[in-house]
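Reader: Could you take me closely through one part of this model, namely its aromatic ring pairs, with the cut-offs behind each term?

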Amino acid sequence: MLTNAGLTMDDWDDFQDTMMDSQVSQKTKANWNCWMTNYLSDCTICPPCRGVDPFQN
């Protein structure tokens, strides 16, 4: 699924680390979650994520 979405296991690990880190703001977590959902669902009709794409290096 990750490969088909254009993501790597490193991206997944970073996502999990971010979501589990109590020091990361809810706004940042929401941004990461939005982008992960966008990639995994190949979202074409949902609203765009507002923040910077954390998976683009």
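Author: What follows deals with the aromatic rings and how they are placed.

This is a predicted model, in which local features need pLDDT of at least 70 and side-chain atom pairs count only at pLDDT 80 or more, while totals for chains, interfaces and linings use all residues. Residues are numbered from 1 along each chain as its sequence is written, and side-chain values use heavy atoms, with hydrogens and water left out.

Rings of Phe, Tyr and Trp (for Trp, its six-membered ring) are paired if their centres lie within 6.5 Å, and a pair is called stacked when the planes are under 30 degrees apart, edge-to-face when they are over 60, and tilted otherwise. That rule gives four aromatic pairs. One of them joins Trp35 to Tyr39 in a tilted arrangement, with 6.3 Å from centre to centre and 45° between the planes. Both residues belong to helix H2 (residues 26-41), where they sit four residues apart and are thus separated by about one helical turn; helices here are DSSP runs of H or I with at least four residues, numbered from the N terminus. Trp35 is buried, with a relative accessible area of 17%, and Tyr39 is likewise buried, with 17%, where buried means under 20% relative accessible area, exposed over 50% and partly exposed in between, for a 1.4 Å probe and protein chains only.

Tyr39 also pairs edge-to-face with Phe55, at 5.7 Å centre to centre and 85° between the planes. Because Tyr39 lies in helix H2 and Phe55 in the segment after H2, this pair ties together parts that are 16 residues apart in sequence. Phe55, like Tyr39, is buried. Taken together, ring pairs link Trp32, Trp35, Tyr39 and Phe55 into a cluster.

Methods. Helices (H or I, at least four residues) and strands (E, at least two) are DSSP runs, numbered from the N terminus.
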